[in-house]
Amino acid sequence: MPELRQDRFTKEWVIIAPERGKREGAKREGAQKPIPHYDPKCPFCPGNEAMTPEGTLEIPRQDGRAGWQVRVVPNKFAAVSRTGQPVRHVDGSRHTVEGVGIHDVIIESPDHSQTIATLPITDVGMVLESYKARFDAVSADPRVAQVIIFKNHGFGSGTTLEHPHSQLIATPVISSHVRGRIYEALRYYDDFGVCIGCASLEEELAEQTRIVLITDHFVVIEPFASPVPYNTHIYPRRHMCSFGQISPPELSDLAGVLKTVLERLYAGLDNPDFNYTIVTAPADHSDAQYYHWYLSIIPRLTQVAGFELGSGMSINTVSPESAAEFLRNVRARKSQGA
Ligand SMILES: [Zn+2]
Ligand SMILES: [Zn+2]
């Protein structure tokens with residue numbers, strides 16, 4: 001029988017209905033075309049730097065060759081403007097704010113064909129270092145209320161460019177989605193005196209059934225109320241409310257964890273389209289005892305349909321327990337030389 005589960009972080013309900021998944025394969029059908037290492041028309045490929053605005057951060061190549069390994073540039077088609085002040089206007093029931101903020105593109109590799117799953121761990125580490133450097137710099141801007149770092153991989157995820165890249169968007173307001181999470185976390189803290197994320201992590205570690213991987217600093221979990229198949233959370237084991245609090249050893253551990261998890265999704269689900277996003281406390285809550293940051297990977301294996309749009313509830317056709325078991329075993333298959 002299907003089961004309704006409540007997400008403790010959002011109070012949203014999810015229908016876990018594995019029987020329904022038999023209508024569709026978990027794997028995506030159809031071979032994907034090979035991607036070249038270099039595309040002369042790509043604005044993110046080396047040699048085409050003039051096609052993007054001037055960079056805000058560049059990490060040089062570490063292999064002795066000239067050029068950059070990671071490059072951060074303002075988005076040419078930015079959702080928000082880097083100049084001006086976020087002046088708020090209230091006109092009766094109409095509330096508006098000037099569209100001021102930061103919209104960066106993080107170009108993850110000079111190689112057009114790579115993805116986090118295929119990059120060496122040291123290169124993934126450089127991508128994460130650039131996230132942290134830009135997160136810190138942008139969070140310090142007094143006009144910024146919220147910073148979202150995210151990646152869209154594959155055309156089904158909303159990306160329009162093939163070259164591996166992530167983005168950062170900083171807005172002058174806190175979205176109601178994030179505000180709702182803060183309220184729930186605060187309510188939990190008021191009731192129990194502990195962080196909801198730390199409490200959840202403790203329960204998951206005791207129960208084990210939704211754990212994919214444990215490292216020195218992180219735990220990889222298929223969340224209890226996963227809204228979509230193979231939704232995967234990478235949780236810091238130490239209490240940290242903001243991504244900005246990550247230490248250098250934790251950052252290098254995260255590089256290995258992120259690569260491993262994406263490698264397993266890549267191998268196990270045939271390079272699925274996915275999004276990932278860093279769910280972190282907004283700038284003015286950046287030292288909170290009640291909030292816990294994490295990285296959420298959302299594979300795009302299913303489409304959002306009418307019921308989801310009408311109710312806000314999701315129907316997930318793969319139970320988090322079987323998704324965790326599957327992702328634990330992808331490693332076993334690979335290590336056997338498959
Ligand atoms: Zn390219
Ligand atoms: Zn915590």
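1. How many cavities of 30 Å³ or more does the structure hold? In this predicted model, there are three. Two of them are described below, after the metal site.

2. A zinc ion (ligand 1) is bound through four protein donors: Cys42 (SG), Cys45 (SG), His112 (ND1) and His163 (ND1). These atoms lie 2.0 to 2.3 Å from the zinc ion. In sequence, the donor residues follow the spacing C-x2-C-x66-H-x50-H. Cys45 and His163 link distant parts of the chain, being 118 residues apart. Cys45 sits in the loop between strand 2 (13–16) and strand 3 (57–60), whereas His163 sits in the loop between strand 8 (146–153) and strand 9 (165–171).

3. The arrangement around the zinc ion (ligand 1) is tetrahedral, because its four donor atoms subtend angles of 104 to 120 degrees. For comparison, the ideal angle for four tetrahedral donors is 109.5 degrees.

4. Cys45 has a relative accessibility of 1% and therefore counts as buried. His163 is likewise buried, with a relative accessibility of 1%; the cut-off for this class is under 20%.

5. The largest cavity encloses about 70 Å³ of space. Its lining consists of Phe9, Arg181, Ala185, Ile196, Val279, Tyr291, His292 and Tyr294. By class, six of these residues are nonpolar, one is polar and one is charged.

6. The second largest cavity has a volume of about 50 Å³. Among its lining residues are Thr115, Ala117, His153, Asn271 and Phe274. Helix 4 (residues 248–268) gives the most to this lining, with three residues. The lining of the second largest cavity has six nonpolar and three polar residues, and no charged ones.

Terms used. Residues are numbered from 1 along each chain as its sequence is written. Chains are lettered from A and ligands numbered from 1 in the order in which they are written. This is a predicted model: local features need pLDDT of at least 70, side-chain atom pairs count only at pLDDT 80 or more; totals for chains, interfaces and linings use all residues. Side-chain values use heavy atoms; hydrogens and water are left out. On a 1 Å grid over the protein atoms alone, a cavity is a set of points where a 1.4 Å probe fits but cannot get out, and a pocket is an open set with protein on both sides within 12 Å along at least five of seven lines; lining residues have an atom within 4 Å of a point. Grid points are joined across faces, edges and corners, and a volume is the space filled by probe spheres set on the points. Ala, Val, Leu, Ile, Met, Phe, Trp, Tyr, Cys and Pro count as nonpolar, Asp, Glu, Lys and Arg as charged, and the others, Gly among them, as polar. Helices (H or I, at least four residues) and strands (E, at least two) are DSSP runs, numbered from the N terminus. Donors are N, O and S atoms within 2.8 Å of the metal (3.2 Å for Na, K and Ca); water is not among the atoms, so sites may look incomplete. Four donors count as tetrahedral if all angles lie between 85 and 135 degrees; four count as square planar and six as octahedral if opposite donors are over 155 degrees apart and all others between 65 and 115; anything else is irregular. Buried means under 20% relative accessible area, exposed over 50%, partly exposed in between (1.4 Å probe, protein chains only).
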